[in-house]
Amino acid sequence: MSLQVVSTVNNSSLLQPGFSLLNFDGHVFFFGQKGWPKRSCPTGVFLLDIKQNELKMKPAFFSKDSCYLPPLRYPALCTLRGNEESEEYQYVIHGGKTPNNDLSDKIYIMSLVSKSSKKTTFQCIEKDLGGDVPEARYGHTINVVHSRGKSVSVIFGGRSYTPLAQRTTENWNSVVDCFPSVFLVDFEFGCSTSYVLPELQDGLAFHVSVARNDTIYILGGHSLQNNNRSPSLYKLKVDLPLGSPAVTCTVLPGGISVSSAIVTQTGDSEFVLVGGYQSDNQKRLLCNTIVLEDSKIEIVERASPDWTPDIKHCRMWFGCDMGKGSVLLGIPGANKQLISDANYFYILRCKGAEEDKEEELTAQSCSQTSTEDPGDSTPFEDSEEFCFGAEANSSDVDDTDTYNEDDEEDESETGYWITCSASCNIDINTWVPFYSTELNKPAMILCSNGAGHWVHAQCMDLSETMLLRLSEANVKYFCNKHIDLNKGLQTPKKVVHLKKQPMKPLRKKKTMNLTTPAKKSFLRRLFE
């Protein structure tokens, strides 16, 4: 086993714990970036080009008939083939977290449409399921098993948010282990069926699963309910007769107490287990070889690589399987780099160079997100994230098309967890819902000053009644900082003056001259 440093990673801030790797025709593609995709790469899928120990990223494209694929972190992935001998395959992506910390329950099918030195195009389709649909989750696994000429996908484990009926203000954003049901998903007919097995009593997340033919082996994992890493080894056997499928589970000895480990396939029936954590405050630096033969599994310890001092002393690590026995490992850069969220990356090769050239990755390789998420478990377990399922090969990429992180907008300026004002106290690690309409993210409202900017309703001291009224009414809102400025810059309302009609001059009354004889005669007749 050899360890190689990947240097000059100028865009490493996108590669944060929870990402996934996809392998199409020997080329590795990155999926699950930090934050929402930008104009530079709206799909959020990148081709990884590793040349001369440098890692570069080139945006990939989707076909016109593709659906939208959010940048999911901690999803479950596996390869899907038409049959066991087929060379063409697709990737199945299920679950995961969006940048807003929403959990996804959708299933996406990704396939390669075209590939050239200039452009890579994928087709992404959302798959609808009927029956017992798995709930939204992350940190779970998905594998494909083959039996009697048929194949199904098997979903197990993971974590989800506390059910609505059980939520309180204190545990509103808390996560729990998913119920330990086994889901059989038939993509040909679009149906899903759940099975409850007595051998599976506790929920597991961030475990390892490897499949061969009709059997899946589940190893390790972390349970929130018991706060432990189970040393149990489970064997799931799926039989697909003409009638209803049959699923059986057997508990085997010889398991390993580990969570957030990475599995890479080095042969048709051989896998290598690396990384992970054996306790809340201790990484697992040992490596194991897993051999699957017929209906048996053998796990033996193997020589570990010469870990660098940075890896030995770092608090956390994360990575993905790159295929052909290679693993991409990352550790935090801490204060050693100018970019605060930059990471160091290594490539761990579990096979010799000659074997790496001769052997091809087989169809049995599966991939999973296998990492605890911040805030889910103990402080040490919080930041670990692992997934596996692609291959480390270089590809011919023009430097002119390489993704440049400097072209992107500052991620801190977008999203729900921004600092909206000087008095903003919204923190992703400590936030709890304030309004009854909030669930996984704080309520925000648009300030109409200038080009407009978003602020947290809670930071603006808005009551729930006022917030609902503003959301329903078609009026402009100005935040506390700009409300006075807006008033000062307002043009005074135009006063409409009423037009007054000119008054007509009074006619001068004629007075009688009583001195005339006619007037005297008139008065005499009047009083007679």
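The legends below accompany an overview and several close-up views of this predicted model.

**View 1. The whole protein chain combines 5 helices with 36 strands.** Let us start with the full picture before moving in. Of the 528 residues in the protein chain, 51% count as buried. The exposed surface comes to about 26800 Å², and carbon and sulfur atoms supply 51% of that area. Among contacts between residues at least 6 apart in sequence, 60% join residues that are at least 24 apart.

**View 2. An open sheet is built from 4 strands in the order E18-E19-E22-E23.** The pairing here is antiparallel. Which strands stand at the edges of this sheet? They are E18 (208–212) and E23 (246–252); each has a single partner strand, so one side of each is left without a neighbour in the sheet. On average, neighbouring strands of this sheet are turned by 20 degrees against each other, direction ignored.

**View 3. Moving in on one pair of this sheet, E18 and E19 (residues 215–219) run antiparallel and are joined by 5 bridges.** To find your way along the pair, look for Val-210, which stands opposite Tyr-217 in E19. The loop between E18 and E19 holds Asn-213. Its phi is near 55 degrees, a positive value in a residue other than glycine. Is Asn-213 buried, partly exposed or exposed? With a relative accessibility of 33%, Asn-213 counts as partly exposed, because the partly exposed class lies between the 20% limit for buried and the 50% limit for exposed.

**View 4. Another asparagine with a positive phi is Asn-101, at about 70 degrees.** This residue, too, is not a glycine. Where should you look for Asn-101? You will find Asn-101 in the loop between strand E8 (89–94) and strand E9 (107–115).

**View 5. Strand E32 (residues 343–349) is largely enclosed by the rest of the structure.** Why is E32 described as largely enclosed? The reason is that 5 of its 7 residues are buried, and buried here means a relative accessible area under 20%. The next two views show strands that pair with E32.

**View 6. Strand E1 (residues 2–6) pairs with E32 in the antiparallel sense.** This pairing extends over 5 bridges. A handy marker is Val-5, whose bridge partner in E32 is Tyr-346.

**View 7. Strand E31 (residues 326–332) also runs antiparallel to E32.** Here 7 bridges join the two strands. To line them up by eye, start from Ser-326, which stands opposite Arg-349 in E32.

Conventions
Residues are numbered from 1 along each chain as its sequence is written. This is a predicted model: local features need pLDDT of at least 70, side-chain atom pairs count only at pLDDT 80 or more; totals for chains, interfaces and linings use all residues. Side-chain values use heavy atoms; hydrogens and water are left out. Buried means under 20% relative accessible area, exposed over 50%, partly exposed in between (1.4 Å probe, protein chains only). Contact means heavy atoms within 4.5 Å. Accessible areas come from the Shrake-Rupley method with a 1.4 Å probe; for residues, only the protein chains shown count as cover. Two strands pair if DSSP finds at least two bridges between them. Axes are lines fitted to C-alpha atoms, for helices over the stretch in contact, and angles run from 0 to 180 degrees between N-to-C directions.
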